[in-house]
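Thank you all for coming. I would like to spend a few minutes on the charged side chains of this structure and on how they pair up.

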Amino acid sequence: GAAEIAALIEAGGGEAEFALPARGEGGERRLVAQAFRVRVGRRKEKDGWGVVVRDVTETAALLAKLALLAGTDELTGLCNRRRFFEEAAREFAHASREGRSLGVAILDIDHFKAVNDTHGHAAGDEALRAVAARLSKVLREADILCRYGGEEFAVLFPGADPAAALRAAERLRLAFGSAPILWEGRELRVTSSAGVYAAPPGRESRLDDFIERADAALYAAKEAGRDRSVLGG
């Protein structure tokens, strides 16, 4: 804290946030220091400095929690579409700078409307939660998974070329139907279709282009009979 306060004074005043270890509690405390000049006489050389330090640990924790909730799908606990695009945009820019390939997949539960119509929306919700849990277990640490909307899920595969992205999407797709989903003593069997696209981002390419190509591949998978993964070009 002393170093940050000294830097503020050196810079002529202002405000800075920093962290200090929390005594006897573990973790850290978030503090905000504000430094300002204090006139103590008519001559400037007699001026001093005032410093106010505020503990903002609880406020910072609350803001972080709100930010997390704003980016989380309430039903499945996965990141939502908004947060997916925020994180995917960073990965896309990184891949573009490094000349690395990037993969995208969109997975859709086959005949999901029939699940809702036959067993009710509560059963459909349980199917979505179960699928989200299964997908989360087979992801790589670097992959980004979200509930894209309705019964669709989107996944970003950083560093994946077309073959690797297709293998990863197929692994996820197989996780969908790895076992029946139990609902009130009944077994719900679900399959899925996946559309995949992967390439090194070019200077003129956009993340939306990758999503659109993966979506077109998903449409092709549905047209080909569902329960399969298709790589778009």
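Let me begin with the term I will use throughout: a salt bridge is a side-chain nitrogen of Lys or Arg within 4 Å of a carboxyl oxygen of Asp or Glu. What you have in front of you is a predicted model, in which local features need pLDDT of at least 70 and side-chain atom pairs count only at pLDDT 80 or more, while totals for chains, interfaces and linings use all residues. Residues are numbered from 1 along each chain as its sequence is written, and side-chain values use heavy atoms, with hydrogens and water left out.

By that rule, the count comes to 17 salt bridges.

One of them pairs Glu187 with Arg189, with 3.4 Å from N to O. For accessibility, buried means under 20% relative accessible area, exposed over 50%, and partly exposed in between, using a 1.4 Å probe and protein chains only. Arg189, at 65%, is therefore exposed, whereas Glu187, at 48%, is partly exposed.

Next, Asp55 and Arg29 form a salt bridge whose closest N and O atoms are 3.0 Å apart. This pair links distant parts of the chain, since Asp55 lies in strand 3 (residues 48-55) and Arg29 in strand 2 (residues 28-38), 26 residues apart; strands here are DSSP runs of E, at least two residues, numbered from the N terminus. Asp55 is partly exposed at 45%, and Arg29 is partly exposed at 26%.

Finally, Arg206 meets Asp208 in a salt bridge at 3.7 Å, N to O. Elsewhere, salt bridges that share partners join Glu17, Glu28 and Arg30 into one network.

Notes
Helices (H or I, at least four residues) and strands (E, at least two) are DSSP runs, numbered from the N terminus.
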